[in-house]
Amino acid sequence: MKGAYTNPRFFLAMTVMLAMAAALVQAQGTQVGFYARTCPRAESIVRSAVQSHFRSNPNIAPGLLRMHFHDCFVQGCDASILIDGLNTEKTAAPNRLLRGYEVIDDAKTQLEAACPGVVSCADILTLAARDSVFLTRGINWAVPTGRRDGRVSLASDTTILPGFRESIDSQKQKFAAFGLNTQDLVALVGGHTIGTSACQLFSYRLYNFTNGGPDPTINPAFVPQLQALCPQNGDGSRRIDLDTGSGNRFDTSFFANLRNGRGILESDQKLWTDPSTRTFVQRFLGERGSRPLNFNVEFARSMVKMSNIGPGVVSCVDILTLAARDSVFLRGINWAILHGFKESIDSQKQKFAAFGLNTQDLVALVVLL
């Protein structure tokens, strides 16, 4: 038995097996063209579904973009926001006004007809978010796919979503928890260049905010316009553009509005009033004296970073691989080989050979049983 632990061939065999496990971990990650062989039309089917709904209701574009963001920030980009039921993410307060679920359902139905059981809802939502930006005259980018759908969805987990009154420091902490930096924060919030907000989410800024007056960070000339749209004690569900004057086009107008004190949400306007984020707003606007950043390009990069947020850092495959290594190190621990206890030697050799392992490797590994 001791010889098995000191035999160089044994350790070579173990190295090969660990490398195979590591390769499996990589295979479970996302990559551009993940469905190239298993469902070649996957991306075109999703885009077609989004386009069809967009033609009849352009508001689904910002709806899908928000949905993707809210999904990724809660247990990773796993489509858990789509799960129905009591106390699921979908029922939580931050998600009750989301729109576009019917688009995902439509795309999923078409994909199941073309490639049954292949394309995950998580990938459909990620692709639909990209297509929504493109349809509103924003950038098109390559989306890595290969996500797996989650099975757990809890409304209580949505507390991590940034709120419409949240400070910049708090927002930065929440983004940093997912490996997203301050530039990513500003770029992704810039997605508010399309879409609307309900009056109930910002009307408090218009009346009795400080000393009986409106929020002083709002341009005084803009206040009457907002008050006319959202009168005190009026319809809180009424929706207005987050990017005044350009709510249906993906551009930098949103940042220009922040600079001019015309941000709708308090958390959005803080991107300008806080020095740490104002710098990036200025760079996206290409202001003189700043190092310009292309908003569309940086938004796409930040979206790819965000869309790769997973439900956890350590995979079960990694745990199993490490446990196998440690089992070899600790004498007396049983090593499980995936072959039948009545299996012939010829059958065992064929199975081992499929992984580049020869007869000596077989014997070296089996002695640990």
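Relative accessible area is read here in three classes, with buried meaning under 20%, exposed over 50% and partly exposed in between, using a 1.4 Å probe and protein chains only. The model is predicted, so that local features need pLDDT of at least 70 and side-chain atom pairs count only at pLDDT 80 or more, while totals for chains, interfaces and linings use all residues. Residues are numbered from 1 along each chain as its sequence is written, and side-chain values use heavy atoms, with hydrogens and water left out.

Pro162 is listed by UniProt, in an unreviewed entry, under "binding site"; such annotations may be inferred rather than shown by experiment. Pro162 sits in the loop between helix H6 (121–135) and helix H7 (168–176), where helices are DSSP runs (H or I, at least four residues) numbered from the N terminus. Because its relative accessible area is 23%, Pro162 is classed as partly exposed.

Two helical residues, Asn296 in helix H13 (residues 295–307) and Gln269 in helix H11 (residues 266–273), are set beside Pro162 below; contact means heavy atoms within 4.5 Å, and neighbours within four places in sequence are left aside.

| Residue | Contacts |
|---|---|
| Pro162 | Phe69, Phe73, Gln171, Lys174, Phe175 |
| Asn296 | Gly138, Ile139, Phe250 |
| Gln269 | Arg205, Thr217, Asn257, Leu258, Gly261, Arg262, Gly263 |

Asn296 counts as buried because its relative accessibility is 19%, and Gln269 is likewise buried, at 2%. The side chain of Gln269 also reaches the backbone oxygen of Leu258 at 2.8 Å, and Leu258 is among the contacts of Gln269.

Notes:
Polar contact = N/O pair within 3.5 Å; in protein donor to acceptor, adjacent residues only side chain to side chain.
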